[in-house]
Amino acid sequence: MLIDRSGLLWIGTDNGAVRFDGSAWSVLGESDGVPGRVVYSIQQAGDGAMWFGTDGGLMPFARELTVLECHVAGTSYLELEAVEPTLKTDDKFFLIREPENEHDSFAVAIYTAEKVKLGYLPKSKNESVARLLDAGKTLFAVLVSKEWQQEWLKLSVKVFYIDR
């Protein structure tokens with residue numbers, strides 16, 4: 001049992017963790033980001049992250065929250081023919097801020113693990129993600145689909161925020 005810095009009460013159980021916010025109880029299991037079924041212990045790290053000792057090992061509590069689903073802008077301006085065959089559904093991509101971008105001060109570029117730029121989050125949808133990245137939050141993108149439409153590689157991604 002633990003009371004975290006924000007006053008939430010956490011209790012480990014045989015079926016995940018239970019959290020009380022002062023007015024309501026929440027049962028959190030593996031689908032909610034609890035890294036195991038049985039929670040033996042709960043601790044809060046110096047950075048505020050919650051850690052769980054579970055039957056799956058010692059791991060941080062991290063929920064992946066979907067914040068955006070969109071196509072990748074700018075793919076027609078990049079040479080992606082060589083990288084396209086390596087892109088698979090559910091691949092994770094890095095999101096990198098480009099605040100000095102001359103076309104968009106909220107530009108967020110999308111890169112593969114191999115550091116290949118795939119394009120950008122669309123200008124009309126990137127401000128919230130840019131602000132979260134600027135605040136030091138952890139976000140990433142996942143490939144939902146890919147399709148060649150003549151000379152244009154249409155990539156669709158989901159953007160996730162890691163809530164710790």
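## Burial and overall dimensions

In this predicted model, buried residues account for 39% of the 164 residues in the chain. The C-alpha trace spans about 55 × 30 × 25 Å along its principal axes. The radius of gyration of the chain is 19 Å, whereas a compact globule of 164 residues would have a value near 15 Å.

Contacts across the sequence can be described in a similar way. Of the contacts between residues at least 6 apart in sequence, 47% join residues at least 24 apart.

## Secondary structure

The chain contains one helix and 13 strands. Read along the sequence, these elements follow the pattern β-β-β-β-β-β-β-β-β-β-β-α-β-β.

Strands β6 (residues 50-54) and β7 (residues 57-60) run antiparallel and are joined by four bridges. The connection from β6 to β7 is a hairpin through two residues. Within this pairing, G53 has L58 of β7 as its bridge partner.

## The six-stranded sheet

Six strands form an open sheet in the order β8-β13-β12-β9-β10-β11, and their pairing is antiparallel. The edges are occupied by β8 (63-71) and β11 (117-120); each has a single partner strand, so one side of each is left without a neighbour in the sheet. From one strand to the next, the twist averages 35 degrees. In general, the strands of a sheet pair through backbone hydrogen bonds, in either a parallel or an antiparallel manner.

One pairing within the sheet may be followed in detail. Strand β9 (residues 92-97) and strand β12 (residues 139-149) run antiparallel, with three bridges between them. Here F94 stands opposite F140 in β12.

## The helix against the sheet

Helix α1 comprises residues 127-134. This helix lies across β8, β9, β10 (108-111), β12 and β13 (152-163), and it runs at about 80 degrees to β9.

## Aromatic pairs and the surroundings of F140

The structure holds three aromatic pairs. One of them is formed by F140 and F160, which are stacked, with 5.4 Å from centre to centre and 20 degrees between the planes. F140 belongs to strand β12 and F160 to strand β13, so the pair ties together parts that are 20 residues apart in sequence. Both F140 and F160 are buried.

F140 also has a charged residue over its ring. K92 lies over the face of F140, at 4.7 Å from the ring centre. The position of F140 can thus be described by its place opposite F94, its stacking with F160 and the presence of K92 over its face.

## Loop residues with positive phi

Two loop residues deserve separate mention. K115 is located in the loop between β10 and β11. Its phi is near 70 degrees, a positive value in a residue other than glycine. K115 counts as exposed because its relative accessibility is 70%, and the threshold for exposure is over 50%.

Q150 is placed in the loop between β12 and β13. Although Q150 is not a glycine, its phi is positive, at about 60 degrees. With 77% relative accessibility, Q150 also counts as exposed.

Notes:
Residues are numbered from 1 along each chain as its sequence is written. This is a predicted model: local features need pLDDT of at least 70, side-chain atom pairs count only at pLDDT 80 or more; totals for chains, interfaces and linings use all residues. Side-chain values use heavy atoms; hydrogens and water are left out. Two strands pair if DSSP finds at least two bridges between them. Axes are lines fitted to C-alpha atoms, for helices over the stretch in contact, and angles run from 0 to 180 degrees between N-to-C directions. Contact means heavy atoms within 4.5 Å. Rings of Phe, Tyr and Trp (its six-membered ring) pair if their centres lie within 6.5 Å; planes under 30 degrees apart count as stacked, over 60 as edge-to-face and the rest as tilted. Buried means under 20% relative accessible area, exposed over 50%, partly exposed in between (1.4 Å probe, protein chains only). A charge sits over a ring if NZ of Lys or CZ of Arg is within 6 Å of the ring centre and within 35 degrees of the ring normal. The radius of gyration is taken over C-alpha atoms; the globule rule is 2.2 Å times the number of residues to the power 0.38.
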